[in-house]
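These are my reading notes for a colleague who is opening this entry for the first time. Please keep the sequence and the model side by side while going through the points.

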Amino acid sequence: NFPERPTTEDLRAQQAAVGSVYASASWINEARASFTRLRVCDLPESAYGPDVMRQLGLTGTPNNPLTNGLPFFVVTDFDTVTDSDILPQTQRDNTWSFSDGVSFTRGRHTVRAGFQWIHFQLNYLQSEFARGRYIFNGAFTSNLSDPNTGDGFGDFLLGYAQSTRRNGSAQAYMRQSSYGSYVMDEWRVARSLTLNAGLRYEYTSPYTEARNGFVNLDYSTLPQAPRLVSTGTAGEPNRTNFAPRAGLAWRLPYRTVFRAGYGIYYSPEIAVEAYDLVRNNLQNLINETTGPIPVLTLQNGFPTNSSAGFPSYYGLDPHAATPYVQQWNTGFQREFHGGVVLDLSYIG
């Protein structure tokens, strides 16, 4: 368990929206526009406090008053009270959206069509072990013939860590636009049968970074090690996301209804995958000691020599397709006396 010390959060959300509806006897049109702003600032209790790491002689961590405080200590079999390992965190989101939809009736057909545009700005900073993480698991106080005899707190008192990690705080200014349009026809074939058929098109642009902060892995050098390259976007555009929809409702005798439907639903990657490309601008270090001789100490948990430490990087496939889900269902609904309804369905 890792109980966390108190944190300070400053949150403010603002929204403005306007809508307009036009209608006649056979059609209706509805348009909406909105702007949303979200501002969040989360700080650990130690922010702007004494720089205890420098006072104790700990090195290898950033000299930033926002990250003042002790490292994240993990001691086997002991609970430690620490500052959150993902703070400080700041976020300033701006979202613009506009949509318009029309519905009209012609005979037995009701047709709906519309489009939507969303522009998203994500200005985000999140820390990950900015003060460093030290793991003490008893590796250096154990009997060499029995590695289970060590004591994690003993290693901590000696200042010998088995592994350390440091990622830092990455500031990103990400931008994305999304477009969608649809058309759907509801056809009342008969009093007891209704069919639905429609098509939706979606395009979500790859995230861009306003200050060219994306750095991705390039695997064209294989079998040699991949190289880091600066890139303007988190991926290549995918403009083939068509999503058909179909359904029916059929009223049968004895108060029974048969329903069925099918649809494809796209689910673009969330911002965190692209945000990790900004982390490649930092020194993301993972150090481990594999032998019985301690290499990582409290004073020098992030050595620069070849005896310990290796960098870690994040990568995205720029040609990856947009994830999607296929959903289908079929079922019967039967109404009995007294308001009781039996529903038997298959959903995939």
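**Notes on the chain**

1. Strand β14 (residues 241-252) and strand β15 (residues 256-266) run antiparallel and are joined by 8 bridges. The two form a hairpin with 3 residues between them, and in that turn Y254 has a positive phi of about 60°. Within the pair, L248 has A260 in β15 as its bridge partner. Please bear in mind throughout that this is a predicted model.

2. Strand β15 also pairs with β19, again in the antiparallel sense, over 11 bridges. As a point of reference in this second pairing, I264 stands opposite Q326 in β19.

3. A residue worth locating in β19 is T330, which belongs to the strand spanning residues 324-335. Its C-alpha atom is separated by 6.6 Å from that of G261, although the two residues are 69 residues apart along the chain. When neighbours within four places in sequence are left aside, T330 is in contact with F258, R259 and A260, and also with L344, S345 and Y346. Is T330 buried, exposed or partly exposed? With a relative accessible area of 30%, T330 is partly exposed, because that value lies between the 20% limit for buried residues and the 50% limit for exposed ones.

4. The largest nonpolar core has 14 residues, of which L122, M174, Y207, F214, A234, A274 and Y275 touch the most other members. Two or more residues of this core come from each of β5 (109-128), β9 (168-190) and α3 (271-279), and α3 gives the most, with 5 residues. Apart from this core lies another, of 10 residues, which includes M53, V75, A161 and L296.

5. Helix α3 deserves a closer look, since 7 of its 9 residues are buried and the helix is therefore largely enclosed by the rest of the structure. The buried residues are A271, A274, Y275, D276, L277, V278 and R279, and what covers them includes β5, β9, β11 (208-209) and β12 (214-218). Y275 illustrates this setting: not counting residues up to four places away in sequence, Y275 touches Y124, L125 and Q126, as well as A170, A172 and M174.

6. Turning to a loop, Q162 lies between β7 (160-161) and β8 (163-166). Why does Q162 count as buried? The relative accessibility of Q162 is 17%, and the residue counts as buried because the limit is under 20%. Beyond its neighbours within four places in sequence, Q162 is in contact with I135, N137, A139, F140, N287, E288, T289 and L296.

7. As for the chain as a whole, there are 3 helices and 20 strands. Its radius of gyration is 29 Å, whereas a compact globule of 348 residues would have a value near 20 Å, and the C-alpha atoms fill a box of roughly 85 × 50 × 45 Å along the principal axes.

8. Of the 348 residues, 36% count as buried, and the chain exposes about 20200 Å², of which carbon and sulfur atoms supply 56%. Among contacts in the chain with a separation of 6 or more, 70% are accounted for by residues 24 or more positions apart.

Conventions
Residues numbered from 1 in each chain as written. Predicted model: local features only at pLDDT ≥ 70, side-chain atom pairs only at ≥ 80, totals over all residues. Heavy atoms only, no water. Helix = DSSP H or I, 4+ residues; strand = E, 2+ residues; numbered from the N terminus. Buried < 20%, exposed > 50% of the residue type's maximum accessible area, 1.4 Å probe, protein only. Contact = heavy atoms within 4.5 Å. Core = buried A, V, L, I, M, F, W, Y, C linked by side-chain atoms within 4.5 Å. Pairing = 2+ DSSP bridges. Rg over C-alpha atoms; globule rule 2.2 N^0.38 Å. Areas by Shrake-Rupley, 256 points an atom, 1.4 Å probe, with all protein chains shown as cover.
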